[in-house]
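Work through the exercises below with the model open. Each task is followed by a solution in steps.

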Amino acid sequence: MFEGLGRFIHRGRKPLLIFTLLFAVLSGVYGVGVFGDMKPGGFEDPKSESRHAAALAEKAFPQRAPDAVVVYRNDDLTVDDPAFQKAVTSKVNSLPRSVVTGSAHFWMTKMPEQVSRDRHATYVAMNLHGSDDNIKEESYKAIKDKLDLPGFKTLRGGPVPTGHQAGEEIGEDLGAAEGFSFPVLFLFLVIVFGGLAAASLPLLVGGLSILGSMAVLRVIAQFTDVSVFAMSLVTVLGLAVAIDYGLLIVSRYREELERGRTGADALSRTVATAGRTVVVSGITVAVALFGMTFFPFAFLKSMAYGGVAAVVLSVFFSIIALPAALAVMGPKVNALSLRRKKSAAQAPAAQAQGEGAWYKLAHGLMRRPVAVTVVTLGVLVALAAPFLRIDFGANDARQLPNTAEGRQVHNMLEKDFDGDGVKSIDSLLTLAGDAKSKEQGAALQAYADKLGKVPGAKGAQITGAEGTTARVSVKFDGVAVSSPARDLVNDLREVTPPPGAKAYFGGETAVFDDTLDALAETLPMMLLYIAVATYILLFLAFGSVLLPLKAIAMNLLSLSATFGILVWIFQDGHLADLIGFDPTGSIEPNMPIMLFALIFGLSMDYEVFLVSRIREQYDLLGEPTAAVATGLQSIGKLIASAALLMCVPLAAMATSGVLTMTLFGVGMVIAILLDVFVVRILLVPAVMKLMGRASWWAPGPLQRLYSKYGIKEGEGLDAPDSSERVPVPS
C-alpha cells in the first residue's frame, strides 16, 4: 500500500503541490478567524452540582462569591473621606445592571475586611451576568475599560479578570515563542542536515499543519465550545511533531539517494518505510490525545481537538506534500550544502565494520543488560517517588506574573487587607414553597444552624431568598481549594435539607471538589482506552505480543518519573528562582491529564521510530542482537536530533509568564529528554537483549492475523541488497 502511494505521489507531484499551496492559502484565510470563535475557561464540569448551583444563583439573585474584585486606592484620601466614598459609589452605580448583576462595597456591607489597614484602599466585589465562564468573560470585557476612576489607582482582579489576563498573556507569550522557535529550529535543522534546502522542508510541514489546524478548530467551534488554550497546543505540537516526521522522511529519502535509487524508486522506498512509520506513529499519538475527550471539561476536549488536528495534518502533509516536494527536488534536496561531500562508500564501510558510535553504544549496553536495566529502572523509580505526594489545587492569580493586575490584586489583598469578606461555601436550595414564607423561613434557619455546627464551619446564614430558591452561606477559615475545605464541602452535603427541598452546593471549593471527582471518575476509562488502543496499534505495526506490553510499561514508568520531577519542582518550589515562578504548593489537576495524553503519545512516537528500524533490520538479518545494534545505529542520531528539535518550541513556551504554561513547557521538555535519552536509547536495547527472539513472538492465530492485517514495513518492495543491511544515517 505505502509503496503504491509513493509511486502515485511521484506521478502527481506537481498537482499535489498546487493543491498544498491552495490549501495553505484557504486554511490561512479562514483559520485566522478562529480566535474570535474561541471561548475562555472550560475548567468546570457543565453537569456538576456546583454548576447547577451557579445557574440557580444566577437566575434568582447575584452570586455571593464575586466574579471580579476591583481595588481602588487613593494615597491622599481614606475611605472615611466623603470624596472617596462618592467617587467609588458613583462609579459602581454607573455600571450597567445588565452586565454587573450585583456589587458589594464597604459603604454597603460595613465589613472591615473590605478596607486596607492604612484605610487608603478598598475593594468592590462584583457579580457579572452569565451562568458560565464564557458568558461572564464577555460581560467583563464590556465594562473593564469603564472601571477606571480618575485620581485613583484601579486594579482589576478576581476569577474572571484573572482568567482574561491569563489568556492575553498566553497569546503574547505564544507569539514570542513562535518568533523565537522558527529561526532557531531552522538553524538546528541546517546543522542536522548540513544543507539549507533539506532544512526548510520540515518547517514547511509544520507551517501547513498549524494553518490547517486553525481552520479545523474554527469549524469545530461552530458546533461546540473550544477553549482559547487549544491554540497553544496547536502551535507547539503542530510544529514539533511535523518537524519529527519531516526529519524522518527527508533523512530516509536522502539515504535512498545515497544508495543509488532515484525517481519513483527512491520515493516509493521512502514512503514504504519512513512513511509507514509516520502513519503508525501519528495514529498512536492521535489515539492518546483523543482520550482527553472522555472528560467533561471543555478545556481538555479542546486540547484533544487541537492536538488530534495538528497530528493528523502533520501526518498527512508528511506523507503527501513532503514526498511531492522531494519528488520535484530529487537530488537537489542536497542543494546549498554546507558540508564537504564524502565518498559514497566511505561511511557504509565504517558502519558495516561496527564502528558507528550508536552501534558501539548498543553493544555496550547489551553486554550487561541486567545491570543496565536494574540501574535505569532504579533511577526512574527514584525520580517518580515525589509523585506519590502530589497535591492538587485550582488556578488562581498566582499563575500570573507580578506585573499583571490580577496578581497585584491578589498580592494586595493578602498583604494589606485582613481576612476574606466574601469567601464562603454556598448551599443553593430549591424549596417546596415560597422561600419568604414563615414556614420555609423557619426551616431554612434550622438548616443554616445545622450547617454552621458542622466541624470546620465558622457559622452559616441565609444570604438569599427569592421565590422557591434560597441560599445559605457557610463561612470557614483556610484556603478555598485545600483538602480541609473539600472535606468540609462533603460533610455539609451530608446534612439533610429542609423537607421537600433539594440542596446544591456551589462556590470555589465546591467547584474544585466536583472537578476532582469528575477527573477521578473518568481517568480509569481513559487509561484503559489508551492502553488497549495502543496495544492493538503496536501489534499491527510489529506483529509482536510482548513489545507492545514493554512499550506501555516503559511509558508509564517514564511518565511517573516526569510527574515526580514536576512535583519536586513546581509543588515543592525547587528551582523556582532559576525557572522564574512563584510556587503555589499544588498543581492544577487538568495539567497532569493533558501531559499524560501528550507524553504518552509522543513517547510512543519515538518507540515506533526506533522499533520500526529494529524490525526492518531483524527482517534483513534474522538475529535480534544485531538488529538492535544496527537499528539504533541507523536511527539513533535522528531520534536524538528530533527530540532536541522538539524541545525548542517547548522550551520557548516554558518562558511564559503564566505558571500553567511554564509547567507545561518544562514538563514536556523533561519528559521528552527523559524518554529518548534514558528509556529509548539506554533501556530499550538492554530489555530487548534480555527478551531476545521473544521480542517478535506471537502465537499462530495472531501471526496469521498480523500477516493479513498488519501494517508492514516496506510491504511489496523488492529484496534489499547487502548494502542496506546497516543503513547509514544522514
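**Exercise 1: a helix pair**

In this predicted model, the axes of helix α11 (residues 263-290) and helix α23 (residues 590-621) come within 8 Å and cross at roughly 155°. Determine how α11 and α23 are oriented to each other, and give the handedness of their crossing.

Solution.
- Angles over 145 degrees count as roughly antiparallel.
- α11 and α23 are therefore roughly antiparallel to each other.
- Their crossing is right-handed.
- On α11, the residues making the contact include Arg269, Thr273, Val280 and Leu289; on α23, they include Leu598, Gly601, Asp605 and Glu616.
- By class, this contact of α11 with α23 has eleven nonpolar, six polar and four charged residues.

**Exercise 2: a second partner of α23**

The axes of helix α10 (residues 230-258) and α23 come within 12 Å and cross at roughly 5°. State the relative orientation of α10 and α23.

Solution.
- Angles under 35 degrees count as roughly parallel.
- That makes α10 roughly parallel to α23.
- Among the contact residues are Leu233, Asp244, Tyr245 and Arg252 of α10, and Leu602, Tyr606, Phe609 and Arg613 of α23.
- The contact of α10 with α23 divides into nine nonpolar, no polar and six charged residues.

**Exercise 3: Thr662**

Decide whether Thr662 is buried or exposed, and list what Thr662 contacts beyond its neighbours within four places in sequence.

Solution.
- Thr662 lies in helix α25 (residues 659-691).
- Buried means under 20% relative accessible area.
- Thr662 has a relative accessible area of 1%, so Thr662 is buried.
- Leaving aside neighbours within four places in sequence, Thr662 is in contact with Phe570, Ile579, Met653, Ala654 and Ser656.
- With Ser656, the side chain of Thr662 reaches the backbone oxygen at 2.8 Å.

Definitions and conventions
Residues are numbered from 1 along each chain as its sequence is written. This is a predicted model: local features need pLDDT of at least 70, side-chain atom pairs count only at pLDDT 80 or more; totals for chains, interfaces and linings use all residues. Side-chain values use heavy atoms; hydrogens and water are left out. Helices (H or I, at least four residues) and strands (E, at least two) are DSSP runs, numbered from the N terminus. Buried means under 20% relative accessible area, exposed over 50%, partly exposed in between (1.4 Å probe, protein chains only). A polar contact is a pair of N or O atoms within 3.5 Å; within protein, one must be able to donate a hydrogen and the other to accept it, and residues adjacent in sequence count only if both atoms are side-chain atoms. Contact means heavy atoms within 4.5 Å. Axes are lines fitted to C-alpha atoms, for helices over the stretch in contact, and angles run from 0 to 180 degrees between N-to-C directions. Angles under 35 degrees count as roughly parallel, over 145 as roughly antiparallel, 65 to 115 as roughly perpendicular and the rest as oblique. A crossing is left-handed if the near helix is turned anticlockwise from the far one by less than a right angle, and right-handed if clockwise. Ala, Val, Leu, Ile, Met, Phe, Trp, Tyr, Cys and Pro count as nonpolar, Asp, Glu, Lys and Arg as charged, and the others, Gly among them, as polar.
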